[in-house]
Amino acid sequence: MSEIVGKSSSSGSLTPTNRRPVLSTMELLGRCKRLLALKENQTSNDLYEIKERLLVAISNPSLTRIDSLASFKERPIPSRVSSCSGSSSSSSSLSLVSGISGSSPDSQNYRTHMLWDYVKVQDGCRVQPELATLPMEIQQPVILKELIQCLVGVRGIYIQPLPPDENDGDTYFTIDSQLDKSVTEVVQSMLPLATYFMGIQRIMAAGDGHGQVLNALNCALQDLTNDFYMLISKVDEEMKRQQMTIQMLHYYLQPTMWVMEEIWKVMRNIQQNKCQGAAVLNHLYGRISLLEGNNAVQQMMINLTNTAAQPYMQKLQLWIHKGQLVEDSNEFLVHDNDTGRLYTMPGRYSDDYWEKRYTVCRDGVTTFLKKHTDMILATGKYLNVIRLCGKGTLPIQVVKLDEQLQPTSGGRIEKVINEAYYFAASMLLNLLLTEHDLMGHLKSVKSYLLLGQGDFITQFMDACETELSKNVDDVQPMILENLLGLTLRLSLARHDPYNDDVHCELLTYDLVTQLSKILGHNGEEEEAEELEEELEEDRRQDLTGIECFSFSYEAKWPCSLVLNRIAISKYQLLFRQLFFCKHAERQLCKIWKMNHTQKGRPSRQLTELHRSLCILRQHMMNAIQNIEYYMIYEVIVPNWHHFIERLETVENVDQVLEHHQNFLDECLKKCVMTESSYLSRAIFKLCKICIDFCDFVQQESLLEPSESLVERVQCFDWEFKDLLVSFLLKIKYSAGKNANSLINLVHWVNVNGFYTNQMEKLSSETNTDQDEDQDSVCLMN
């Protein structure tokens, strides 16, 4: 038997004896029970306060918020009157102080939103019996009580928390070495639950205020915390009835430990990866499929994912049903680029509204919505346009968020998105085609910018020829507008309800320069572009109004979504090339009239001159007219019919935009305006030579032929044929390389093979020059 120290009953002082009496087992057990009773009396007030705090935390709904729980630490709770010496007038000595045992001074102000985090307890009056002096049947109730306190963050005596780990910040524990080994193993297997629970609370506190998704996740975890407190409270009640043992507690807490461990791992990964918004939902959603076979943990993860996704799904519901974004939409997959309020002005709608106003934010795309991203973006854009057109609240289907819009709802969320998409798409398409007559606007654009209204363009060129023949700086835009209005009223265009949308425009550069800026972005062309900018003012002095003229079309909202600035620019490219060819054709017709108004009997020399002029004029006329015919009847008209046929089967505005852009791109490509600026420049030069030739014929006196006059005509002839043959060879090479329909242009211009011999001769000379260049390179090597 161990020696014990006796207490004198008469004087109350300790008196050592030379021989200590040997106590029986019953006497030793009685002394241990009295010692334990003394401890129970001294700490009854402390345990009561802990119990009261647990009950208040569970029952008070206001404490589910983080700020309420944080402030709850400092609230005084009424306690029973007791003291360590048995006095009934003293108050409780339990108080919370700053700092965790063993923590550094920098972390002394650290607080989580938990009620406790193993804070120090001022308790200088407690009697701490050594476990070795207690029998097994007494050790278990003592350790069980400390274990329960440890699970909710209360510092114990025999189970002590270690300082938080520097690497992961988790809390680990030490157990009194005097505890029985068998009990120690059971307790050690349950202490990870305290580590998981406290780690979750710390992560919740650290993630507070870092986005609505994390806040919603914290609320879901707070409900889990309340359930855990309720479980511990019931265990405490069973323990007081002496119906709970450590082994039973281990059995009952095993499912809770599995759930807490999984949640702790997920939350730690979220914190380490600094996930926010959609990244949090992706992480939670990805864990669900990995928990197959563990139904309890999987169901818990499903509930957490659905609760955390509620703010995100509410934004989704508002977007796909109203076309609206909340102000704080940084966590959503759709981003509003209207930072400068550029898209709320009616005059700005036609620029790049559809392409740039709303875009997909890749950081906000979730895994369960990834395949529906484009459909979600389009749905909100459709509804947004409808709302801007003055339509009221849409008669949308009311969807319960808890039943339908949940990440784990499978096909139900897909059904909601599809229904919203097709409703918005059909409504906007009907709005464009029926109420705002998009087809009428498209036909009007074709009539003016693609020369579809023949009498109008002829009368306009007759009226404006004098003004457009001036230098571009001398042309008066107001005069052009007045002449345009007069022509619209006199021609068949007066029946067009949208003729007021067409206007005159004078650009600052010719067609060749415009195409070079669009197509040329490599090294040599960039240097040429810089040189062009330096000489822009000088070259502008040589430009006439006819070279810089173009029509523009201002469609009203929402038709400006289709006839936007980019589309009108493509129409203008086609118009400028057709318009310049039409101008060259008209000039050639003028000199044809001059040749037939000559009176008197001409000399032989004059007859030869007139014959050469007529032949050259006819060659020019055939080339220009065939190029015009090819662009209008081989390219524009067939593609326009295909475009109209496709519009009859469209289901949404995106398909309208796609078909319209394909129509314009196909026309530009087949009109040799996208392959290379060389081909379009060649057409421009051909027209320019024809116009210069007509000016020469009109200015020179043909009644007295001279050698210089004949040489000048021959020079025009050689220059025109050389450029035309080179142009045909380039087109033939491009058509053979890309297998496109450009070869038809060669057939139209090279009627009956008139230029075939010259093309073959030029081709052979080109091949010979290339061979000589290769031979010279070989010799140099």
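In this predicted model, the protein chain folds into 26 helices and eight strands. Of its 781 residues, 46% are buried. Contacts often bridge long stretches of the sequence: when residues at least 6 apart are considered, 75% of the contacts in the protein chain join residues at least 24 apart. The protein chain exposes about 40200 Å², and carbon and sulfur atoms supply 50% of that area.

A good place to begin a closer look is helix α7, which spans residues 278-288. Its buried residues are Ala278, Val280, Leu281, Leu284 and Ile288. These residues sit on the same side of α7, because they cover an arc of only 155 degrees around the axis. The spacing of such positions follows a familiar rule: an α-helix has 3.6 residues a turn, so residues three or four places apart point the same way. As for the partners of this side, the buried residues of α7 pack against four helices, namely α5 (212-240), α6 (246-272), α8 (295-308) and α9 (310-322).

One of these partners, α8, offers a residue worth visiting in its own right. Gln298 lies in helix α8. Its relative accessibility is 11%, and Gln298 therefore counts as buried, since the cut-off for a buried residue is under 20%. Once its neighbours within four places in sequence are set aside, Gln298 is in contact with Ile288, Leu291 and Glu292. Ile288 has already appeared above, as one of the buried residues of α7, and here Ile288 is found in contact with Gln298 of α8.

Terms used
Residues numbered from 1 in each chain as written. Predicted model: local features only at pLDDT ≥ 70, side-chain atom pairs only at ≥ 80, totals over all residues. Heavy atoms only, no water. Buried < 20%, exposed > 50% of the residue type's maximum accessible area, 1.4 Å probe, protein only. Helix = DSSP H or I, 4+ residues; strand = E, 2+ residues; numbered from the N terminus. Arc of directions from axis to C-beta. Contact = heavy atoms within 4.5 Å. Areas by Shrake-Rupley, 256 points an atom, 1.4 Å probe, with all protein chains shown as cover.
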